[in-house]
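Visitor: I should like a close look at a single part of this protein. Please take one sheet and explain how its strands are arranged.

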Amino acid sequence: MTDTTADFLGRLTAALPPGTVIPGPEAQDRYCHDWSGLAPVRPLAVVLPRSTEDVATCLRLCHASEMGVVPQGGLTGIAGGAQPVAGCIVLNLERMSAVEEVDTVMATMTVQAGTPLATVQAAAEEAGFAFMVDLGARGSCAIGGNISTNAGGNRVIRYGMAREHVLGLEFVLADGTVVRSLNKMLKNNAGYDLKQMLIGSEGTLGIITRAVLRLQAKPTSVSTALCRCADFEAVLSVLKGARKRLGPSLTAFEVMWPSFYDTMYGGLPQLRRPFGNGGGIHIIVEASGFDPGRDAERFEECLGALVEEGVVDDVIVAASERETRDIWAVRESVSEYGRVLGRIVAFDIGLPTTMIGDFVDAATRELAARWPDVRPLAYGHIGDSNLHLVVNVPSAGDHQPEHEIDDLVYGMAGGAGGTISAEHGIGLVKKPYLGRSRSEAELATMRRLKQALDPRGILNPGKVV
Ligand SMILES: Cc1cc2nc3c(=O)[nH]c(=O)nc-3n(C[C@H](O)[C@H](O)[C@H](O)COP(=O)(O)OP(=O)(O)OC[C@H]3O[C@@H](n4cnc5c(N)ncnc54)[C@H](O)[C@@H]3O)c2cc1C
């Protein structure tokens, strides 16, 4: 450590309450990596603020000394956005975890940024509402991370991405300026909507410290089914039919190709397989409503019609919460890739929905031509045009040909007019490929925004743009 760095850490430690700054060598290993699979990096220090003032003090000092700061939430991000950067400090918001207010008239909840998503969901339920951002990492990820990545998840088809659930934000700019914009109103066109700039900016434009979230009425009925279809053409017919018949009550449409479905059931014997090994593409269809007497009937009528039309070959409607959990279990088993496949290269691409079936076939073919033993698993939020592809080359063991696989898949996605990130963000992992999805003018505008808000480049250096 240079004298200057030691001086800086001394000033930072003195300026913040005792126990806020943990020197890098003493910090727990969990702050040294996120879920991206990148090699751990030990930061100079881990700062654990308890208040917005702590965050502002930290950033003021970092700005003055041009010290890089990596913001962290629950560290479940997959793009490496929260991955520490050598020679920088980490600012983890886990101690800023509190539900501060539930306004039952405005249907809003004000929370601190480090609050886990599951805590937000539970508090909403307790107040008779629902918070409709939902994803498999709900127990570990934090709302500040969800907002900073503009997280998607399972219910986007009905309720939209995290952006749709945020009414106001409090955030701290790179120079320590606190911007309190804790708006609760659905309509507010007074000048630029600053929160939109922060949402999805992956910690590169400011640190989110508080959020006003939009709550929804909690549906009184939820119906879930697992459908099996012969091919992707049939999947598209089911999507069209379900949208037409269920309208806004269609809340999830999750598709799993046999490559994903059979591999995960094969690798995880604890999962209970609802159908035999009949092949085909499986879809989880979920509808939520407010008329328990009629909703289940309407759901079954919709599925019955799809069976009669010959687009669904087999269907199971969950008759209990246990069966609902069983249906979702395989879709939610993605945290077990390490156990089932070993090291993977993961993709979160977006493509026009109608092209996804051909894309999966073509990508599988191209990958197999380069790596004959390749295992490409396909699944995703297909109702939102979002395909997840997970690739493993067994013969490569711990040394997956990551860059070659990235080049191939991102080349194909870019060529098809798709996006290299539908929901996970860019972080470090996808930064080299951003130009495949964004024009020069778009990239230049992003850089101007970054320069204006963080002229010394201290916020999450080297990430996104
Ligand atoms: C099993 C599993 C399932 C998942 N499923 C989904 C899914 O369905 N949909 C989806 O979109 N994602 C999914 N993810 C990815 C991940 O959970 C999301 O990206 C999540 O929103 C990240 O939240 P986090 O708190 O863990 O953020 P982190 O990983 O800690 O950080 C993510 C990014 O946000 C920045 N950041 C964090 N907090 C702040 C803050 N307060 N202010 C400014 N910047 C901040 C970080 O610098 C980083 O760039 C999944 C991950 C796992 C492990």
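Guide: Two strands are said to pair if DSSP finds at least two bridges between them. With that term in place, please note that the model is predicted, and let us begin with one pair of strands. Strand β8 covers residues 166–172 and strand β9 covers residues 178–181; the two pair in the antiparallel sense over four bridges. Within this pairing, E170 has R180 in β9 as its bridge partner, while V172 is bridged to V178 of β9. Five residues lie between the strands of this hairpin, and among them G176 takes a positive phi near 95°.

The hairpin belongs to an open sheet of five strands, whose order is β5-β6-β10-β8-β9 with antiparallel pairing. Because β5 (99–103) and β9 stand at the edges and each has a single partner strand, one side of each is left without a neighbour in the sheet. From one strand to the next, the twist averages 15°. In general, the strands of a sheet pair through backbone hydrogen bonds, in either a parallel or an antiparallel manner.

A helix also meets this sheet. Helix α3, residues 117–126, lies across β5, β6 (108–112) and β10 (207–214), and runs at about 145° to β6.

Finally, the setting of this part may be described. The protein chain contains 14 helices and 18 strands. Of its 465 residues, 52% are buried. Its radius of gyration is 23 Å, which agrees with the value near 23 Å for a compact globule of 465 residues. Along its principal axes, the C-alpha trace spans about 75 × 55 × 45 Å.

Methods:
Residues numbered from 1 in each chain as written. Predicted model: local features only at pLDDT ≥ 70, side-chain atom pairs only at ≥ 80, totals over all residues. Heavy atoms only, no water. Axes fitted to C-alpha atoms, helices over the stretch in contact; angles between N-to-C directions. Contact = heavy atoms within 4.5 Å. Rg over C-alpha atoms; globule rule 2.2 N^0.38 Å. Buried < 20%, exposed > 50% of the residue type's maximum accessible area, 1.4 Å probe, protein only.
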